[in-house]
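User: Please take a close look at one buried strand residue in this model, and then follow its surroundings outward through the enclosed spaces, the neighbouring strands and the ring contacts.

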Amino acid sequence: MTPLHDLADAVGVVRVWEDAQSRPQTVADAVLRTILTALGFPAADDSEVAASLARLAAEQAQVPTYLAGDVGEPLPLPHSIADETTAILSLEDGRERHLTIASGMLPAIAETGYHRLRIADAELALIIAPPRCLLPTDLSAAAASRMWGIAIQLPSLRERATAYGDFADLRHAVTLLAGQGADAIAISPVHSPPPGQRAFYPYSPSSRLFLNPALAQAPGGESEALIEWSSALAAQTQGQRQAFARLTETDRAQLEQWAVGKGDHLTRHALFDALALHLGSADWRSWPQDYRSPDGVPVQQFAREHPEEIAFHLFGQWQAEQALGTVQSDAKRGGMAIGLIADLAVGVDPGGSDAWSMQDAMLTGLTIGAPPDPLGPDGQNWALTSFSPQGLRRTAFAPFIAMLRAALRHAGGVRIDHAFGLSRLWVVPQGASASDGAYLRYPFADLLRVIALESHRAGAVIVGEDLGTRPPGFVSPVASKGILGMRVLWFERDEDGFRAADAFPAQSVGMTGTHDTATIAGWWTGNDIQWNRRLQRGGDWQTEETNRMADRSALWSVIGDDKPQPAIDDPAPVVDAAVAHLASTPTALAIIPLEDLLGLEEQPNLPGTIDQHPNWRRRLSAPLADLLADPSTARRVASLIAARPA
């Protein structure tokens, strides 16, 4: 170990790690130096490394900004205050209590919450978490053992003559499926996109704190099989501006009162959107220097001079929140135990609103992705950023808490995309290839505590997307905190082939697929392989097709109930059997993508493509009620309900 390596370890940059084949990999010193410098610990040479180590040691000797522990458990104090003998606990409800410190341990606290602790001259945040997140059984004991839901790509809905599906269409769908007995509707992220965007990329948001105003009300003009996002979003913006111009004085007063109640973060987001359109760029890093800080004089001057434009962007958020809130209210009123399951993207656009307004809490000069593996030999750079570990600790997780609350405001659950990021994220220096990155550790245990606390506050379940190579030490803590893992049909295999239904774990969400995987019908017919061939992706398509033939037999041997194997061009019986198989698993919740319920061959998104495949553009052929009335679909719904384990 060298001083550079000591610094990397202390900061949380992992120098030696194992790849997907369990082979040890070592990060080059040059990469370590670049990443450490981007994290705020200069390391270009030995003198900078020494200075950064000294600064880090001094910081670690200070009283931390927060402590986190579990309800009813004593909490060890850091060395900086371990010698004190008394403390004053200020609970969230305003009550105070004097505590006696013994052997450097804070006595057990019986109240969960975000409290304050005063020890000597220091004051810090105190996070006391419940033992675990809420589970479906906590939400509805009567229905929990038979819970099921549908995953819906919101823009695909066609309930009215509009250019794409919106929250009103989702409301229709929720009411309809609640009547069928569904307990949950999972949707892709509805985060706020970069202003002026003329495409739809739900996993590359500008902000995870706010909503996509385009989903509040889609413009008229029914689209064909594929959504033309550029013209549709232009028409939506025009229609929204016209609606804003028609607001009465009473409406404007209500909007202003609502915005004030939402606080400064919302106003700053609206300011960002207005500035981006004014300056002609949705990337704040390209703005004139004086505009790159929300507190800059020109920024504040712009706000004073353009109140109407800022109010327009507030109006879009107001519309969206009202519409989405109605959807969840209708879901619960209709008898759904969970209702909406929101989706929380793993990161945000580094040029977007969150990155601009929370610069002290975000990674800068680094993007996140994935290291090289068999599916991506060059690694992946998602061109996104997220919170920095230092920023989370420094703020006592305030921005992370705000993000969770935003996701759960109008939902009964949330799916955390790439939940491995709670433990570590692969970070890549700006301008470098994805392979020249390293893992960055996060305060895993404390993030899990915050998630458990927010689960209880929102009365919501938590789903962690845990597909892929799991970090060491990830599985047990996540399971013990009651976070539901994802068990997708295609990936549930062992040395004998596809897993039997009873081999699926109970504390999980079972799914026939995701937005990124082939549909059942598409997989059976080989439609996904044909797309790869058409786009010249991969290479050895003949081998893929040969392997698929064996996989079809392996799958049918598990789900086919000893019936003759259907032909490749006859996927309907396979869809029926796969839905029934997944529904019969002991998982806490079974979710079937709507595409599988309808037996469609095309998938919503093809990972690794942008415009080569019509990602997020496909629309359903008819209103959902008509599609559910189709005998084959009705049969699948009936089998789904019947097969859920009692």
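Analyst: Val-509 has its place in strand β25, and in this predicted model the residue is buried, because its relative accessible area is 1%, below the 20% under which a residue counts as buried. Across from Val-509 in space is Ile-591, with a C-alpha to C-alpha distance of 7.0 Å, although 82 residues separate the two in sequence.

The strand that holds Val-509, β25 (508–511), also contributes to an enclosed space. The search of the whole structure finds three cavities of 30 Å³ or more, and the largest of them has a volume of about 290 Å³. Its lining comprises 26 residues, and those closest to its centre are Ala-151, Ala-186, Met-511, Thr-514 and His-515. The elements that give two or more residues to this lining are β11, β12 (184–187), β15, β25, β26 (589–593) and α20 (594–597). Strand β15 gives the most, with three residues. By class, the lining of the largest cavity divides into 15 nonpolar, seven polar and four charged residues.

From β15 the description can pass to the strands beside it. Strand β15 (residues 339–344) pairs with β18 in the parallel sense, over four bridges, and within this pairing Leu-344 has Ile-416 of β18 as its bridge partner. Strand β18 also pairs with strand β21 (residues 461–464), again in the parallel sense and over four bridges, where the bridge partner of Ile-416 is Gly-464 of β21. Ile-416 therefore has a bridge partner in β15 as well as in β21. In a regular strand the side chains alternate between the two faces of the sheet. In β18 (residues 413–416), Gly-413 and Arg-415 point one way while Val-414 and Ile-416 point the other way, and all four of these residues are buried.

The second largest cavity holds about 200 Å³ of space. It is lined by 19 residues, of which Val-346, Ser-386, Phe-400, Gly-421 and Leu-422 lie nearest its centre. Helix α13 gives the most to this lining, with three residues, and the classes are 14 nonpolar, three polar and two charged residues.

An open space can be set beside these enclosed ones. The second largest pocket has a volume of about 950 Å³. Of the 31 residues that line this pocket, Glu-59, Gln-60, Gln-390, Arg-393 and Arg-394 are the closest to its centre, and the elements that give two or more residues to the lining are α1 (3–11), α3 (46–60), β4 (66–70) and α12 (389–394). The largest share, four residues, comes from α3, and the lining as a whole divides into 14 nonpolar, nine polar and eight charged residues.

The ring contacts complete the picture. A search of the whole structure finds 19 aromatic pairs. In one of them, the rings of Tyr-66 and Phe-397 have their centres 4.9 Å apart and their planes at 75°, so the pair is edge-to-face. Because Tyr-66 lies in strand β4 and Phe-397 in the loop between α12 and α13 (398–408), this pair ties together parts that are 331 residues apart in sequence. Tyr-66 and Phe-397 are both buried. In another pair, the ring centres of Tyr-164 and Trp-229 are 4.8 Å apart and the planes lie at 40°, so the pair is tilted. Tyr-164 belongs to the loop between β11 (148–152) and α5 (167–179), and Trp-229 to helix α6 (residues 229–245), so the contact ties together parts that are 65 residues apart in sequence. Both Tyr-164 and Trp-229 are buried. Elsewhere, ring pairs link Trp-490, Phe-498, Trp-523, Trp-524 and Trp-556 into a cluster.

Aromatic rings also lie beneath charged groups in this model. The charged end of Arg-241 sits over the ring of Phe-312, 3.9 Å from its centre, and the charged end of Arg-424 sits over the ring of Tyr-439, 3.6 Å from the centre of that ring.

To return to the starting point, Val-509 is a buried residue of strand β25, and β25 is among the elements that give two or more residues to the lining of the largest cavity.

Key:
Residues numbered from 1 in each chain as written. Predicted model: local features only at pLDDT ≥ 70, side-chain atom pairs only at ≥ 80, totals over all residues. Heavy atoms only, no water. Buried < 20%, exposed > 50% of the residue type's maximum accessible area, 1.4 Å probe, protein only. Pairing = 2+ DSSP bridges. 1 Å grid on protein atoms, 1.4 Å probe; cavity = no way out; pocket = protein on both sides within 12 Å on 5 of 7 lines; lining within 4 Å. Points joined across faces, edges and corners; volume = space filled by probe spheres on them. Nonpolar A, V, L, I, M, F, W, Y, C, P; charged D, E, K, R; others polar. Phe/Tyr/Trp six-rings, centres within 6.5 Å; stacked < 30°, edge-to-face > 60°. Lys NZ or Arg CZ within 6 Å of the ring centre and 35° of its normal.
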